[in-house]
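Let's take a walk through this model, one piece at a time. Have the viewer open and follow along.

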Amino acid sequence: MNTGMHPVLKQPYVSIGPGEHYATNTDDVISTVLGSCVAVGIFDPDLKAGGLNHFMLPDEPLNKNLSATESGRYGLKAMELLLGDLVKLGSRRRRLEAKVFGGGAFIATEEVGWRIALRNVEFAFEFLSAEGITVVSSDVGGASARRILYFPKAGRALVKATPWTGWQLAHDEAAYSQSIARTDHKHGSVTLFEGETVPGGVA
Amino acid sequence: MARILIVDDSPTLRASAQFTLESEGHAVIQAENGATALSTLDGLSEDEAGDLKMIITDINMPEMDGITFIRKVKETQFRYVPVLVMTTESQDAMKSEGREAGAAGWLVKPFKPEQLNDVVQRFVK
């Protein structure tokens, strides 16, 4: 996560990368660049706060119910972190508005690239529908990468199609995809607090 | 048969945990935050209350967060029912707070279905 002053908007910005998220009720602008990854912006109109995440589901054969798959867990985590931070800011999780971006496929990638992009988009829509969160706008698919500027206090977004400059983005996303698999062991970790409770039964 | 209460503000998470636990033969009841979970517990029949063997709760929820919920449970007749926290929060400070509130365990999301079943099995025989 990088922060700075946006040269054109003259507003503080927070730039997020794959696997990161940011939610705020300040004037910070959230920026990110998406290839086949997806970013979901969530806005709470009652709270005048919002946030953006940036995620990718690792490759796995297409499945009807993405939330129940192994790779769906990474999407769930990204959504859970963002929604959790909004709750911490005071959101009651009512009337939330979502915007979905990304899932572009680099024109020169092989079929797997298209499949990953499609899965990321499908997951986002499937999750938001299951959570009863309205998708008010989306800009997904296609062959270009996207630069996103998200204004969390207003739930507004600016999207600019951008070339996959010098393979760097495709490279970064591939590296991220591989790192997800490597860090898998951290998830599902269990801590048991001994002696706190007697298993089973009611007093 | 063991009855398990799942408290999470995400319908997706509740549904997936319910599916996982029901596959193992458990009966599952759901609540969307700590406040509704307390009402749910209050509304259980004597038989249902007797069957309740475990509570699984998220931390960051609207209305009433998981830590407050655990503290409140510890003031009820269900104080001996083990409470497992299921959350994306993984910092030690947060875990300590959960332990002090009376949680029996802490499971970091995301997890595989078998990881949930393994930890539940430790509490529900």
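On the other side of H2(B), which residues are exposed? They are Ser39(B) and Asp42(B). Before going on, keep in mind that this is a predicted model, and that everything below is computed from it.

Stay with that helix for a moment. H2 of chain B spans residues 34–42, and its buried residues are Gly34(B), Ala37(B), Leu38(B) and Leu41(B). These four cover an arc of only 100° around the axis, which puts them on the same side of H2(B). So what sits over that side? The cover for the buried residues of H2(B) includes strand S1 (3–7), strand S2 (27–31) and helix H4 (66–73), which belong to chain B as well. The picture for H2(B), then, is one side with buried residues and another where Ser39(B) and Asp42(B) are exposed.

Now zoom out to the whole of chain B. You'll find 6 helices and 5 strands there, and reading along the sequence gives the pattern β-α-β-α-α-β-α-β-α-β-α. With a radius of gyration of 13 Å, close to the 14 Å that the globule rule gives for 125 residues, chain B is as compact as a globular protein of that length. Its C-alpha atoms fill a box of roughly 35 × 30 × 25 Å along the principal axes. Of the 125 residues, 46% count as buried. As for how the sequence folds back on itself, take the contacts in chain B between residues at least 6 apart: 65% of them join residues at least 24 apart.

For a concrete case of such a long-range link, look at Leu116(B), which is found in helix H6 (residues 113–123) of chain B. Is Leu116(B) buried or exposed? Leu116(B) is buried, because 22 other C-beta atoms lie within 10 Å, and the cut-off for buried is 20 or more. Leaving out residues up to four places away in sequence, Leu116(B) touches Ala17(B), Thr20(B), Leu107(B) and Phe111(B). Ala17(B) is 99 residues away from Leu116(B) along the chain, yet their C-alpha atoms are separated by 8.0 Å.

Leu107(B) is worth a bookmark, since you'll meet this residue again. With neighbours within four places in sequence set aside, Leu84(B) is in contact with Met54(B), Ile56(B), Ala104(B), Gly105(B), Leu107(B) and Val119(B). Several of these names return in the largest nonpolar core, which has 82 residues. Which of its members touch the most other members? They are Val38(A), Ile56(B), Val83(B), Leu84(B) and Leu107(B). That list has residues from chain A and chain B, and H1(A) gives the most to this core, with 9 residues.

That takes us across to chain A, which has 3 helices and 11 strands. The order along the sequence is β-β-β-β-β-β-α-β-α-β-β-β-α-β. Chain A has 203 residues, and buried ones make up 41% of them. Among its contacts with a separation of 6 or more, residues 24 or more positions apart account for 65%.

Strand S7 (residues 97–102) is a good place to look inside chain A. In S7(A), 5 of the 6 residues are buried, so the strand is largely enclosed by the rest of the structure. What does S7(A) pair with? Strand S5 (residues 38–44) of chain A pairs with S7(A) in the antiparallel sense over 6 bridges, and here Val38(A), the core residue from above, stands opposite Gly102(A). Strand S8 (residues 134–140) of chain A runs parallel to S7(A), joined by 6 bridges, with Val100(A) opposite Ser138(A).

Finally, how do the two chains meet? In this model, 32 residues of chain A are in contact with 37 residues of chain B. On the chain A side, helix H1 (72–88), helix H2 (111–130) and strand S11 (190–192) each supply at least two residues. H1(A) gives the most, with 9 residues. By class, this side of chain A has 14 nonpolar, 10 polar and 8 charged residues. There is strand pairing between the chains too: S11(A) and strand S5 (residues 105–108) of chain B pair in the antiparallel sense over 3 bridges. And here is that bookmarked residue again, with Leu107(B) as the bridge partner of Val190(A).

Technical notes:
Residues numbered from 1 in each chain as written. Chains lettered and ligands numbered in written order. Predicted model: local features only at pLDDT ≥ 70, side-chain atom pairs only at ≥ 80, totals over all residues. Rg over C-alpha atoms; globule rule 2.2 N^0.38 Å. Buried ≥ 20, exposed ≤ 12 C-beta atoms within 10 Å, placed from the backbone. Contact = placed C-beta atoms within 7 Å. Nonpolar A, V, L, I, M, F, W, Y, C, P; charged D, E, K, R; others polar. Pairing = 2+ DSSP bridges. Core = buried A, V, L, I, M, F, W, Y, C linked by C-beta atoms within 7 Å. Arc of directions from axis to C-beta.
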